[in-house]
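Welcome to this tour. Please open the structure in your viewer and keep the selection box handy, and we will go from stop to stop together.

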Amino acid sequence: MEGGSKSKMKERVERQKGVNPRIEPFVPTKGHDPRELKSWAKRTGFVSTTFSGESGRNSLSRRDLDSGRDLNVRNNESVGFDLERGVDKTETVSPKIELDPILGRARNRGVEIEPDLGPIDEGSRNGRGENLGRRVEMEPDLGSIDEGLRNGRGRGRGENLGRRVEMEPILRAHNEERKDAMNANGNGGNSANGDVNGNGHIAQAAAPVTEPRKDDGNVDEEVGMGEYPDGEDPSYGGWHQSARLKCGLRENPGLVPLMFYGLQHYLSLAGSLIFIPLITVPTMGGSDKDTANVVSTMLLVSGLTTILHSYFGTRLPLVQGSSFVYLAPALVIMNSEEYRNLAEHKFRYIMRELQGAIIVGSIFQSFLGYSGLISLFLRFINPVVVAPTVAAVGLAFFSYGFPQAGSCVEISLPQILLILIFTLYLGGISIFGRRVFRIYAVPVSVMIIWAYAFFLTAGGAYNFKGCSPNIPNSNILIDACRKHADTMRHCRTDVSNAMRTAAWVRIPYPFQWGVPTFRLRTSFIMVIVSLVASIDSIGNYHSAAIRMNLKAPTPGIVSRGIGLEGFCSVLAGLWGTGTGSTTLTENVHTINGTKVANRRAVQLGAALLILFSFVGKVGAILASIPQALAAAVLCFIWALIVALGLSTLQYTQNASSRNVIIVGVSLFFGLSVPAYFQQYAPETGLILPGYLIPYAAASNGPVHTGNAQFNFAMNALMSLNMVVTLLVAFVLDNTVPGSRQERGVYVWSNAEDIMTDPSSLLDYSLPSRVARCFHWAKCVGT
C-alpha cells in the first residue's frame, strides 16, 4: 500500500511539472474482464465516460476490408500517439473492449481518440523481448484505423519493425491536409528524436514502413482480407473465416451463369429438399403415387417460399424448404396410438391433422416475428443456446438413420462411404475450376449407387423364390418370404410403381388432401416446435451474413425474416407437405462450399423448382429412390446438421468451462430425458418397426393427468430431443454468470449503424414499393 501511494504521488508530481509519466502496460490476470481494464484505465489516467463493452459504430465493414481498401503509413506520416510520454490531461482517450461485429468475439479496441485531436503519432514501445499489439480507432469524421504493431527489439538494438495501418481510402487526402496544416502551425520538419507541433505536443517521427520478411521471427506477417496464408482456402476446414465469394449478393454475371449457379445451389441441397417425403409418406401408409405427389408439392412450396423470402424476408439468398426440425414431431403424431391400427385412408387422416397443426404453429411464428416480440427475445438467444439445439435436431434421428439403412447394407454402406470420400478426400480437387466432388457430393453419389443397385436388382440379387415385394407383410403366408420382405422393399429399384401411376403434368393445389383438422394437442406441439425453428433460423441468418461478408442484420430485419417464415409455413400447411417450411440449416454449408451467395441465382433456381413441380414424372423419379439409399444419404445430412450446429460455438470462448459444461449438459439431457419418456411405449414392436418406436411415446408416456390432450402434448414434447436441449441450454445460459465475450453474444446491427452508414444495410432493404407498405411497422426493419 505504501509503495502504491508513493507511485501515485510521483505520477501526480510529474504531471504537475509537465512531465508525462511512463504508462505501465495492461496485463490481464483474469481473462476478458472489462472491470479490470477499467481499473487500469483509471489508474493510468486513461479515464473516459465512454468506457463500453459494446461494439463501435465506426468499425470497418468486412466488405471494405475484403476489397482491399487500406492505406499504409508512409515515411513522413504520423499516426498514433506516444505511449512512452503519455497524453495530456485535456485529451479524451478511452480504452475499450469491443465485441467483433462479425464474429461476436471480444477484441481489444485499444484507444479511442476524439475527433478534435490533431495528428497523433504512435511510437514503438521500448522493452526487452516485449511485443505490442494495439488497435487505434478514430471517430467517424476521421474514419477507422486498424493498426497492428509488433516490436520485438531490445533497447538500443535496431531490428525490423512491421507496421500496417488500415483505414478508409477517403481519409488519404484528409490526413494530408491535416498534416500540412499542422506543419504550417509550427511543425517545421521531422527529426530522429521527434518534433513539437503547434499545440505543444511531442510527436515522434514515424518509422519507415518495411515489408516483413517471411523468415523474420520477430515480425508477424499480415494477411489481407480475402487472402489466405499459404494459399489455403478457409472454407476447407476454417469455419471461422469468411469466404471469398465468386458471385456476391447483388452481382449480375449474366443469365447463363446465374442459371448454372442456381442449379448448383439446389443440387447441393438435394438431400434436404426431397428425402423427407421418402420417410414420412410410407410411415403414414401412403402409396408410391402419394409419395410422388408430396415430392412435387414440396418442390413447389420450396420454390415459392424461397422467392418470397428473397423479396420480403431478410433478402439473404437462403433456400427455404421442409425442415428436419418439423420431421421428429411429425413422426410422433404419425405414430400416435389412434392411427396405428387405421387401415383405410390412413395417409389422408394423418396428413390433414399435420396440416392443421402446422398452420396453427406457423400463425404463432408469424405473429412472433411481425409483432417484434422476437427482437426482444434475441437478447436471450446466443451461440451457447443455438449450438446444442441445432445439433440435437440431427441427433434426434440417430435411432432411425442406420437401423433403416442397415436393412440393405450392400447399398447403404457404399453410399455413406462414397459421400465421405467425395466431401473429405476429394473435396479439394478442382475440375474446370469447380470443386465438383464437394459441391455435388450427394447427387453424384446417389446416381452412382442407384445405378449399382439397379444392376444388383437386374442380376437377381434380391430375387427370392415364390416371394413378391408388392405383397403387404400382413398377407405374406410363407415364413421365408416374410423374412425377406423388408430386404426386397428397401433394396430393389423396381419396387416403386410411381413412374407407372404418376401423371405427366400435375399442378399441386391447396387442400389437395382435404380440409385440415385442428386439434389442441398437436397444435400446441407445433407452436413449441416453431420456436425451435425460429432459433435455428436466427443462427442461420448470423452465420450466412458472416459467410457473405455482410454486416449482421438488425433485430427488425430478423423479426421480418421470422415473420415471413411463419407465413411460408402456413403455405406449406395449406398445400400439405407434411412439415413446415423454414430456412435450411445446410445453407451455410452450401455457401461455404460453392462460394456463391447470389440473390438472383437462388431466385432462378427457385423458379426452376416450381417448373419441375408441375411435371409429375419428376416427382415420380425421385420417389423411386430405394429407401435404404435415402436413409444412407440422410445419415450424412443429419451428421452434417450436428456439425453445423456445434460449429456455432466458434463465436464463443471455446475453452470456457462454463460454455463446455452448458453444452455438454444440454446435449446429454437432450438425449437422456427423451429416452426416459420413450421407454413407456410397450407392446408396439408387433405393430411398429423398431426404428419408429422412439416416436411412439406420446400415447404411452409417464405424464398422466385428467386431461388426455395435455398428456399427449407433454409426453410428445418431452420425447423430442431438440425441445429438451433447448430448454436446458436456454435456462443455463441465461442464468449462469458469464461475460458477453465468454458467452459470444450475437452482435446485431442497430439504428445507429444505419444513421452512420446507411449503405451498410442496403443488402437487407425491402423493395421501395414494398417498404412503403411496411413503413408503419418499425419493428420489421424496413
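Start by selecting Arg492, which is buried, with a relative accessible area of 11%. Here buried means under 20% relative accessible area, exposed means over 50%, and partly exposed lies in between, with a 1.4 Å probe and protein chains only. Now add Asp494, which at 41% relative accessibility is partly exposed. The two residues form a salt bridge, and their closest N and O atoms are 2.9 Å apart. A salt bridge is a side-chain nitrogen of Lys or Arg within 4 Å of a carboxyl oxygen of Asp or Glu.

Before moving on, a word about what is on your screen. This is a predicted model, in which local features need pLDDT of at least 70 and side-chain atom pairs count only at pLDDT 80 or more, while totals for chains, interfaces and linings use all residues. Residues are numbered from 1 along each chain as its sequence is written, and side-chain values use heavy atoms, with hydrogens and water left out.

**The whole chain**

Zoom out and colour by secondary structure. The protein chain has 31 helices and nine strands; these are DSSP runs numbered from the N terminus, with helices being H or I of at least four residues and strands E of at least two. Of its 782 residues, 53% count as buried. The accessible surface comes to about 34,300 Å², and carbon and sulfur atoms hold 59% of that. Such areas come from the Shrake-Rupley method with a 1.4 Å probe, and for residues only the protein chains shown count as cover. How many of the contacts between residues at least 6 apart in sequence join residues at least 24 apart? The share is 79%, where contact means heavy atoms within 4.5 Å.

**More salt bridges**

The salt bridge count comes to seven. Select Arg658 and Asp733, which form one of them with the closest N and O atoms 3.0 Å apart. Arg658 lies in helix α26 (residues 657-678) and Asp733 in helix α28 (residues 721-735), so this pair ties together parts that are 75 residues apart in sequence. Are these two residues buried or exposed? Both Arg658 and Asp733 are buried.

Keep Asp733 selected and add Arg743. These two also form a salt bridge, with the closest N and O atoms 3.3 Å apart. Arg743 belongs to helix α29 (residues 740-743) and Asp733 to helix α28, so the pair ties together parts that are ten residues apart in sequence. Next, select Glu338, Glu353, Arg519 and Arg521, which are joined into one network by salt bridges that share partners.

**A serine in a loop**

From Arg521, step across to Ser336, which sits in the loop between α9 (327-334) and α10 (337-340). Leaving aside neighbours within four places in sequence, Ser336 is in contact with Arg521, Ser699 and Phe712. Ser336 counts as buried because its relative accessibility is 1%.

**The disulfide**

Which cysteines form a disulfide? Select Cys408 and Cys491, whose sulfur atoms are 2.0 Å apart. The pair links distant parts of the chain, 83 residues apart: Cys408 is in the loop between α14 (401-405) and α15, and Cys491 is in helix α18 (residues 479-491). The structure holds one disulfide, meaning a pair of cysteine sulfur atoms within 2.5 Å. Cys408 counts as buried at 0% relative accessibility, and Cys491 counts as buried at 0% too.

**Into the core**

In soluble globular proteins, nonpolar side chains tend to be buried together. A nonpolar core is a set of buried Ala, Val, Leu, Ile, Met, Phe, Trp, Tyr and Cys residues joined through side-chain atoms within 4.5 Å. Select Phe275, Phe324, Phe397 and Trp638: of the 112 residues in the largest nonpolar core, these touch the most other members. Helix α20 (residues 520-547) gives this core its largest share, eleven residues. Now centre on Trp638; not counting residues up to four places away in sequence, its contacts include Ile279, Phe324, Leu327 and Phe397. Another core, of eight residues, lies apart from this one, and its members include Val642, Leu649, Ile662 and Val663.

**Back to the surface**

For the last stop, select Leu417, Leu420, Ile421, Leu424 and Tyr425, which make a nonpolar surface patch of about 520 Å². Patches are made of residues with over 30% relative accessible area and no salt bridge, with like charges joined within 9 Å and nonpolar side chains (Val, Leu, Ile, Met, Phe, Trp, Tyr) within 5 Å. Leu420 belongs to helix α15 (residues 409-425) and is partly exposed, with a relative accessible area of 32%.
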